[in-house]
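Biologist: Got a minute to go through this one with me? I'd like to hear the reasoning behind the labels.

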Amino acid sequence: MRLEKIQTLLKEKSLEFQYNEVDGCGSLDFDYRGIPYHIWEYQEDGWGVETNVKHGGYNEDITGDYEEEIFQVMKDW
């Protein structure tokens, strides 16, 4: 299972989510305050995610310690 820290946070906040894993890459889809969010892992020249967690409707790629970066944003929701 991937993105475990974020999944734990979503459970603690009682937010429903869908988790899928394909080819070792995890993906999370969930709604928060009526806005659909996603975190989709990929592996192209290293690990990263495409997500809209930081900016709602705007997608961005995050590399490096992306799970911690996203966790820090979401913990204050």
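Biologist: What makes S1 and S2 count as paired strands?

Modeller: This is a predicted model, and in it 6 bridges link S1 to S2. Pairing asks for at least two bridges, so S1 and S2 qualify. They run antiparallel, and one bridge puts asparagine 20 opposite serine 27 in S2.

Biologist: What sits between S1 and S2 in their hairpin?

Modeller: There are 2 residues between the strands, and aspartate 23 in that turn has a positive phi of about 55°. The hairpin of S2 and S3 also has 2 residues between its strands, with arginine 33 at a positive phi near 55°.

Biologist: How do you know that S2 and S3 pair?

Modeller: Same test: the bar is at least two bridges, and S2 (residues 25–32) has 6 to S3 (residues 35–43), so they pair, running antiparallel. Among the partners, leucine 28 goes with isoleucine 39 in S3, and aspartate 29 goes with histidine 38 in S3.

Biologist: Why are S1 and S5 called edge strands?

Modeller: The sheet is open, with 5 strands in the order S1-S2-S3-S4-S5 and antiparallel pairing. Strand S1 (17–22) and strand S5 (60–63) each pair on one side only, so they are the edges. From one strand to the next, the twist averages 20°.

Biologist: And which strands does H2 touch?

Modeller: H2 packs on the sheet and touches S2, S3, S4 (47–51) and S5. Its direction makes about 30° with that of S4.

Biologist: What makes S2 "mostly covered"?

Modeller: A residue is buried if its relative accessible area is under 20%. In S2, 6 of the 8 residues are buried, so the strand is mostly covered.

Biologist: Now the helices. Why are H1 and H2 called roughly parallel?

Modeller: The axes of H1 (residues 4–12) and H2 (residues 66–74) cross at roughly 15° and come within 9 Å. Angles under 35 degrees count as roughly parallel, so H1 and H2 get that label. Their crossing is left-handed.

Biologist: Which residues make that contact?

Modeller: On the H1 side, Glu4, Lys5, Ile6, Leu9 and Leu10; on the H2 side, Glu67, Glu68, Ile70, Phe71 and Met74. These divide into 6 nonpolar, no polar and 4 charged.

Biologist: What puts Met74 among the nonpolar ones, and Lys5 among the charged?

Modeller: Just the classes used: Met counts as nonpolar and Lys as charged, so Met74 and Lys5 of this contact are sorted that way.

Definitions and conventions
Residues numbered from 1 in each chain as written. Predicted model: local features only at pLDDT ≥ 70, side-chain atom pairs only at ≥ 80, totals over all residues. Heavy atoms only, no water. Axes fitted to C-alpha atoms, helices over the stretch in contact; angles between N-to-C directions. Helix = DSSP H or I, 4+ residues; strand = E, 2+ residues; numbered from the N terminus. Parallel < 35°, antiparallel > 145°, perpendicular 65-115°, else oblique. Left-handed = near helix turned anticlockwise from the far one by under 90°. Contact = heavy atoms within 4.5 Å. Buried < 20%, exposed > 50% of the residue type's maximum accessible area, 1.4 Å probe, protein only.
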